[in-house]
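Reader: I work at the bench and rarely read models. Can you take me through one, feature by feature?
Author: Gladly. Here it is.

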Amino acid sequence: MYEIKRMGFHSPSIATINRILKRNDLITSSSVKQKKGIEYPNYFTLVQQMDLVGPRYLTGGSRFYFQNIIDVENHHVGVYPIRDKSSQTLAKHLAHFWTVYGMPDYLQMDNELSFRGSNRYPRSFGIVVRLALSQGVTPIFIPPSEPWRNGVIEKFNYNLAKYFFSTQMFSSYEDLEEKTPVFYDFHNQNHRYSTQGGKTPNQIRSLCQEHKLGPINMKDYIPLIEGSVIFIRFIRSDKSLTILRTRFTVKKELIYTYVVAEIIVDKHVLLVKQDGIIHHVFPFVMPVD
């Protein structure tokens, strides 16, 4: 439907499009492969996932990235083309999404350095984490090299590439910026998800939408005062748990399982939990403003 409307033609109804796709055997169901027998902590609610896609290149060699944010509950998305992946740029667009759409309880990301902070000062969180904590949002970092743990946004990333970026020619970065909101607005208004009863993101209201970010100056320094930051990690046979370049040794009962490693910022401790049970409490000193 998006492609038909983009070409300037009148689109048939979704029901008609669906019948045509079925008649031509073009509807397939996808499945995400998971490791069997290993329980993953998926009990978090009111979650948004954020990801960085790129670099991508326009004709002439202009480089850019897509910063994508999605509400896991109703699949409402925000897409932001960015020229660089500086933490200041990422935080600015995250703040915009929270201002116009709403804030979650948890923001789930991969281990992209721009999301987290700095390797030079690994325990000093950057502005993305500081923004989240200042608003009562808990950052969650998924296990390294397991992108499927952010499966909702990974699926959207695929659709963004297939149905938007790969189907059009963009005369400039400014042209890309102008056309991107048209695509994600169309997605939010028209894309129907079987997981939500065939309804579109705009037809389902998420609790995230009840709490919007108020006025905030992203040029101001955001202090780090309190809150929690979560790292989900898989424990291997060496019983090693590495968080922010610091290694800890956990009990053998946790070998070959996933644990939730939670830094309590103002308490300077690292809790290692599984199924709500605290197995370790490690000192974790870090700078707090």
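Author: Start with a term. Strands are DSSP runs of E, at least two residues long, and they are numbered from the N terminus. Pro55 lies in one of them, strand β1. Keep in mind that this is a predicted model.

Reader: What is special about the peptide bond that joins Gly54 and Pro55?
Author: The general idea comes first. Most peptide bonds are trans. The bond between Gly54 and Pro55 is cis, with omega at about 10°.

Reader: How many helices and strands does the protein chain have?
Author: The chain has 7 helices and 11 strands. Its radius of gyration is 21 Å, close to the 19 Å that the globule rule gives for 289 residues, so the chain is as compact as a globular protein of that length. Along the principal axes, the C-alpha atoms fill a box of roughly 65 × 45 × 40 Å.

Reader: Which two residues show me a long span in space?
Author: Take Arg23 and Met286. They are 263 residues apart in sequence and 60 Å apart in space, C-alpha to C-alpha. Arg23 sits in helix α2, residues 14–23. Its relative accessible area is 62%, over the 50% cut-off, so Arg23 is exposed.

Reader: What share of the residues counts as buried?
Author: Buried means under 20% relative accessible area. By that test, 47% of the 289 residues are buried. The chain exposes about 15400 Å², and carbon and sulfur atoms supply 53% of that area.

Reader: How do I read sequence distance in the contacts?
Author: Take contacts between residues at least 6 apart in sequence. Of these, 62% join residues at least 24 apart. Val47 gives a case. It lies in strand β1. Its C-alpha is separated by 8.2 Å from that of Cys208, 161 residues apart along the chain. Val47 is buried, at 10% relative accessible area. Beyond four places in sequence, Val47 touches Ile70, Asp71, Val72, Pro104, Tyr106 and Gln108.

Reader: Is helix α5 enclosed or open?
Author: Count its buried residues. In α5, residues 127–134, 7 of the 8 are buried, so the helix is largely enclosed by the rest of the structure. The buried ones are Ile127, Val128, Val129, Arg130, Leu131, Ala132 and Leu133. Their cover includes strands β1, β4, β5 and β6, and helices α3 and α4. Just after α5, Gly136 takes a positive phi of about 80°.

Reader: Which residues that are not glycine have a positive phi?
Author: Again, the general idea first. Most residues other than glycine have a negative phi. Leu46 has a positive one, about 55°. Its place is the loop between α2 and β1. His75 also has a positive phi, about 65°.

Reader: Where is His75 found, and is it buried or exposed?
Author: His75 is in the loop between β2 (63–71) and β3 (77–82). A loop residue can be checked against the cut-off too. At 11% relative accessible area, His75 is buried. Its contacts beyond four places in sequence are Ile70, Val152, His187, Asn188, Tyr193, Thr195, Gln196 and Pro201.

Reader: Which residues touch the most other members of the largest nonpolar core?
Author: A nonpolar core is a set of buried residues of certain types, joined through side-chain atoms within 4.5 Å. The largest one here has 49 residues. Trp98, Phe125, Phe231, Ile243 and Ile263 touch the most other members. A second, separate core has 17 residues, including Phe66, Ile70, Phe156 and Phe165.

Reader: What is Trp98 in contact with?
Author: Skip its neighbours within four places in sequence. Then Trp98 contacts Gln48, Met103, Pro104, Leu107, Leu131, Ala132, Val137, Lys212 and Leu213.

Reader: Where is Met103?
Author: Met103 is in the loop between α3 and β4. It counts as buried, at 11% relative accessibility. Beyond four places in sequence, Met103 contacts Gln48, Trp98, Gln135, Val137, Cys208, His211, Lys212 and Leu213.

Reader: How many positive and negative side chains are there?
Author: The chain has 35 positive and 26 negative side chains. The centres of the two sets lie 5 Å apart.

How values were computed:
Residues are numbered from 1 along each chain as its sequence is written. This is a predicted model: local features need pLDDT of at least 70, side-chain atom pairs count only at pLDDT 80 or more; totals for chains, interfaces and linings use all residues. Side-chain values use heavy atoms; hydrogens and water are left out. Helices (H or I, at least four residues) and strands (E, at least two) are DSSP runs, numbered from the N terminus. The radius of gyration is taken over C-alpha atoms; the globule rule is 2.2 Å times the number of residues to the power 0.38. Buried means under 20% relative accessible area, exposed over 50%, partly exposed in between (1.4 Å probe, protein chains only). Contact means heavy atoms within 4.5 Å. Accessible areas come from the Shrake-Rupley method with a 1.4 Å probe; for residues, only the protein chains shown count as cover. Lys and Arg count as positive and Asp and Glu as negative; His and the chain ends are not counted. The place of a charge is taken as NZ of Lys, CZ of Arg, CG of Asp or CD of Glu.
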